[in-house]
Amino acid sequence: MLPTERRAQLLRELRVHGTVRTEEFAMRVGSSGMTVRRDLADLEQAGLLRRVHGGAEAPGEPSAPRGSAPVATIGMVVPSASYYFPDVIRGAQAAITAAGSRMILAVSEYSPTREREQITRLLDRGVDGLLVAPASHATEDPETYRLLASAPAAVVVLERSLDGSPWQGELDVVRCDHEVGGQRAATHLLETGCTRLLVATRSGPTAPLVRAGARQVAQSAGLEVEVLTLPPANAPGAELHEALAAITDRARTGDVDGVIVVPDEVAIGLIDLADDAGLAVPGDLAVVAYDDEVAALCATPLTAVAPPRRDAGTSSAELCLGRVMSRLRADAPRAWSSLALSPVLRVRGTTTS
């Protein structure tokens, strides 16, 4: 396992479980305890974790006083607890715990059927509020949204737009604005002198929004953006290698000089292949990753667009708790909220500043 992959897995386990035991983790990934301890020391220096005896823990969260009954119980359903959403979860958990409330987490694994089962189970438990990041957009799979719209609990939809759906203005929404993220990535590439742009993405809810944002910027500059759909995460590794190698071949001929890649892990693979091909990054090929989960751990730290995931979790929890408190106080209904949080661009070594 490469150091970047090992450290990325360490951070993911911390986001989900809160702690990591050095020897247990070393055994699972086939590394020595000394190697993992060096990883922990480097990650602690970067402010990403706190070392403790025998391992490490994530930065501490506030906790409710022992023995006190929770003010409210908030259920949370997300598609994944291992990529992108751990920061969202932690943001929500911090806000809910700080309010003296309890959070119950469920994971749908991107299955709409399982998602609805999890929502129904939480409602049957009598949760006061729901934070739900549906596996699909409202226009693709309306059943989950119908269930949420009829729920007796306070509901906030996470990370999905309701634009153009029957539920626009009928449910609270908090999301990262990935279209703005695509715009910022493309704008940066154009500002660094790139004119032949490619957006390479795996399929998923984020991808079309990033592509749309990049396309808007390019068209305003009189340029076109080419789109490449990459093999899914469960495809054989050779398929992804072939797709990325085709990009480096085109960069060698000057056919492509700037690429936006979703997600980070794939962008790291592209940098490795570019290096193998003798390409200069960013001289021959400028690369912007999307998500900024592990982009900084690449051998050449990747310029990346970072959606404000933790802020999304915090804001959605605070909004949901506000709804719950209003219901308990029998306040007059408030207007529905739609909050779009803008990602930030972090310039590193794969583009020029």
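**Entry 1: leucine 123**

I looked up leucine 123 and listed its contacts, leaving out residues up to four places away in sequence: Leu130, Ala151, Pro152 and Ala153. Contact here means heavy atoms within 4.5 Å. Leucine 123 sits in helix H5, residues 112-124. Helices (H or I, at least four residues) and strands (E, at least two) are DSSP runs, numbered from the N terminus. I then took the C-alpha separation of leucine 123 and glycine 100, which is 20 Å for 23 residues along the chain.

A note on the source: this is a predicted model, in which local features need pLDDT of at least 70 and side-chain atom pairs count only at pLDDT 80 or more, while totals for chains, interfaces and linings use all residues. Residues are numbered from 1 along each chain as its sequence is written, and side-chain values use heavy atoms, with hydrogens and water left out.

**Entry 2: aspartate 141**

I found aspartate 141 in the loop between strand S6 (129-132) and helix H6 (142-149). Is aspartate 141 buried or exposed? Its relative accessible area is 15%, so I entered aspartate 141 as buried. The scale is: buried under 20% relative accessible area, exposed over 50%, partly exposed in between (1.4 Å probe, protein chains only). Beyond four places in sequence, aspartate 141 touches Pro112, Arg116 and Ser136. From aspartate 141 to alanine 98 I noted 34 Å, C-alpha to C-alpha, with the two residues 43 apart in sequence.

**Entry 3: tyrosine 84 and its surroundings**

I searched for aromatic pairs, and the structure holds two. In one of them, the rings of tyrosine 84 and phenylalanine 85 have centres 5.2 Å apart and planes at 70°, so I entered the pair as edge-to-face. For rings of Phe, Tyr and Trp (its six-membered ring), a pair needs centres within 6.5 Å; planes under 30 degrees apart are stacked, over 60 edge-to-face, and the rest tilted.

Tyrosine 84 has a relative accessibility of 6% and therefore counts as buried. Phenylalanine 85 is buried too, at 3%. I also noted arginine 309 over the face of tyrosine 84, 5.5 Å from the ring centre. The test for a charge over a ring is NZ of Lys or CZ of Arg within 6 Å of the ring centre and within 35 degrees of the ring normal.

Tyrosine 84 belongs to the loop between strand S4 (73-78) and helix H4 (85-98). I checked its backbone: phi is near 70°, a positive value in a residue other than glycine.

**Entry 4: glutamate 159 and the cavity**

Glutamate 159 is not a glycine, yet I found a positive phi of about 65° for it. Glutamate 159 is in the loop between strand S7 (154-158) and strand S8 (172-176). With a relative accessible area of 5%, glutamate 159 is buried.

How many cavities of 30 Å³ or more does a search of the whole structure find? The search finds one. The largest cavity has a volume of about 30 Å³. A cavity is a set of points on a 1 Å grid over the protein atoms alone where a 1.4 Å probe fits but cannot get out, and lining residues have an atom within 4 Å of a point. Volume is the space filled by probe spheres set on the points, which are joined across faces, edges and corners.

I listed the residues that line the largest cavity: His137, Glu159, Arg160, Ser161, Arg175, Cys176, His178 and Leu209. By class, this lining has two nonpolar, three polar and three charged residues. In that count, Ala, Val, Leu, Ile, Met, Phe, Trp, Tyr, Cys and Pro are nonpolar, Asp, Glu, Lys and Arg charged, and the others, Gly among them, polar.

**Entry 5: cis peptide bonds**

I recorded a cis peptide bond between valine 262 and proline 263, with omega about 5°. Proline 263 lies in the loop between strand S11 (258-262) and helix H10 (264-276). The bond from valine 281 to proline 282 is cis as well, with omega near 15°. I placed proline 282 in the loop between H10 and strand S12 (286-290).

**Entry 6: glutamine 183 and threonine 19**

Glutamine 183 is in helix H7, residues 178-191. At 24% relative accessibility, I entered glutamine 183 as partly exposed. Residues up to four places away aside, glutamine 183 touches Gly213, Ala214, Gln216 and Val217.

Threonine 19 is in strand S1, residues 19-21. Its relative accessibility is 45%, so threonine 19 counts as partly exposed. Its contacts, on the usual exclusion of residues up to four places away, are Glu13, Leu14, Ala56 and Glu57. The C-alpha atoms of threonine 19 and proline 343 are 28 Å apart, with their places 324 residues apart along the chain.

How values were computed. 1 Å grid on protein atoms, 1.4 Å probe; cavity = no way out; pocket = protein on both sides within 12 Å on 5 of 7 lines; lining within 4 Å.
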